[in-house]
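Trainee: Please choose one small part of this protein and look at it closely with me, then show me how the rest of the molecule is arranged around it. I would like to follow each step slowly.

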Amino acid sequence: MILDPLPMAPLGDSLLAELTALYASHHEFHTLTGDFPDPKDIRPEQVAAALAEEREQPGTEILLARSFGRLIGIAVTLAHHPDPADPDPWIGLLMVDATLQGQGHGRRLATLVEDRFRQAGRTAVRLAVLANNPKALAFWTALGYATIDDRRDRRLDRPCAVLRKPLVAP
């Protein structure tokens, strides 16, 4: 698996088509999040707008995961949380093509993201899981993340569990 930052240039049609297919494969997740008006009909312009909104946040990095040239996942990270009392970087989104789930791609993608933070000298990472998403909570806790707080998300005021994982040298 290769992990590359999303180019800062405008998204080309083929890349946007790949990203739209990735997002569209997760209609179950998007039903839980409410991020798209119709989770079963996600359109390229909606994906482009969602990614543009992510890019507006200072310290955001959007990483594309490819295997054998195929886009299989995406990770959105935040170097610094908007709350200055929070010292850790965050994983805002980690999504693997739904047709490929259960094959270890999510675990590998999470490990690559953690390794990037380790290389940057970061000592822990956090993320939030929506309270209505027990599958995601099970995934992250299996990777060693522990719940440290329950709160509402900053953008849509949804109940979430905040998880944290110390990043010790491998």
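Mentor: Let us start with Phe68, which counts as exposed because its relative accessibility is 87%, while the cut-off for that word is over 50%. Keep in mind throughout that this is a predicted model. Phe68 sits in the loop that connects strand 2 with strand 3, and its backbone has a phi near 50°, which is a positive value in a residue other than glycine.

From this loop we can step back into strand 2, which covers residues 60-67. Here Glu61 forms a salt bridge with Arg116, their side chains meeting at 2.8 Å from N to O. The two partners belong to distant parts of the chain, since Glu61 is in strand 2 and Arg116 is in helix 4 (residues 105-119), 55 residues apart. As a general point, side chains of opposite charge can pair when their charged atoms come close. Neither end of this pair is buried, because the cut-off for buried is under 20% relative accessible area, whereas Glu61 has 27% and is partly exposed, and Arg116, at 29%, also counts as partly exposed.

Helix 4 also holds a pair of its own, in which the side chains of Arg118 and Glu114 meet in a salt bridge of 4.0 Å, N to O. These two residues are four places apart, about one turn of the helix, so here the pairing stays within one element. Glu114 is buried, because its relative accessible area is only 4%, under the limit of 20%. In another part of the chain, Asp153 and Arg158 make a salt bridge at 2.6 Å, N to O, and both of these residues are buried. Salt bridges with shared partners also join Asp86, Asp88, Arg126 and Arg164 into one network. The count for the model is 14 salt bridges.

Now let us turn from charged side chains to nonpolar ones. In soluble globular proteins, nonpolar side chains tend to be buried together. In this model the largest nonpolar core has 23 residues, and among those with the most contacts inside it are Ile91, Leu109, Val113, Trp140 and Leu163. Strand 2 is one of the elements that give two or more residues to this core, as are strand 3 (70-78), strand 4 (90-96), helix 4, strand 5 (124-130), helix 5 (134-142) and strand 7 (159-166). Helix 4 gives the largest share, four residues. Apart from this core lies another one, of 17 residues, including Leu19, Ile42, Ile74 and Val76. If you select Val113 and set aside the residues up to four places away in sequence, you will find that Val113 touches Leu3, Leu63, Ala75, Thr77 and Ile91.

The hairpin of strand 6 and strand 7 is worth a visit as well. Strand 6 (residues 146-152) and strand 7 run antiparallel and are joined by six bridges; in strand 7, Cys160 is the bridge partner of Arg151. Six residues lie between the two strands, and in this hairpin Asp157 takes a positive phi near 60°. Pro159 lies in strand 7 and counts as partly exposed, because its relative accessibility is 40%. Leaving aside neighbours within four places in sequence, Pro159 is in contact with Val129, Leu130, Ala131, Arg151 and Arg152. Its C-alpha atom is 9.5 Å from that of Ala128, although the two residues are 31 apart along the chain.

Finally, we can place these parts in the whole. The protein has five helices and seven strands, which follow one another along the sequence in the pattern β-α-α-α-β-β-β-α-β-α-β-β. Among contacts between residues at least 6 apart in sequence, 60% join residues at least 24 apart, and the bridge between Glu61 and Arg116 gave us one example of a link between distant parts of the chain. Buried residues make up 41% of the 170 residues. The radius of gyration is 15 Å, which agrees with the value near 15 Å for a compact globule of 170 residues, and the C-alpha trace spans about 40 × 30 × 30 Å along its principal axes. The protein exposes about 9200 Å², of which carbon and sulfur atoms supply 56%.

Conventions. Residues numbered from 1 in each chain as written. Predicted model: local features only at pLDDT ≥ 70, side-chain atom pairs only at ≥ 80, totals over all residues. Heavy atoms only, no water. Buried < 20%, exposed > 50% of the residue type's maximum accessible area, 1.4 Å probe, protein only. Core = buried A, V, L, I, M, F, W, Y, C linked by side-chain atoms within 4.5 Å. Contact = heavy atoms within 4.5 Å. Rg over C-alpha atoms; globule rule 2.2 N^0.38 Å. Areas by Shrake-Rupley, 256 points an atom, 1.4 Å probe, with all protein chains shown as cover. Pairing = 2+ DSSP bridges.
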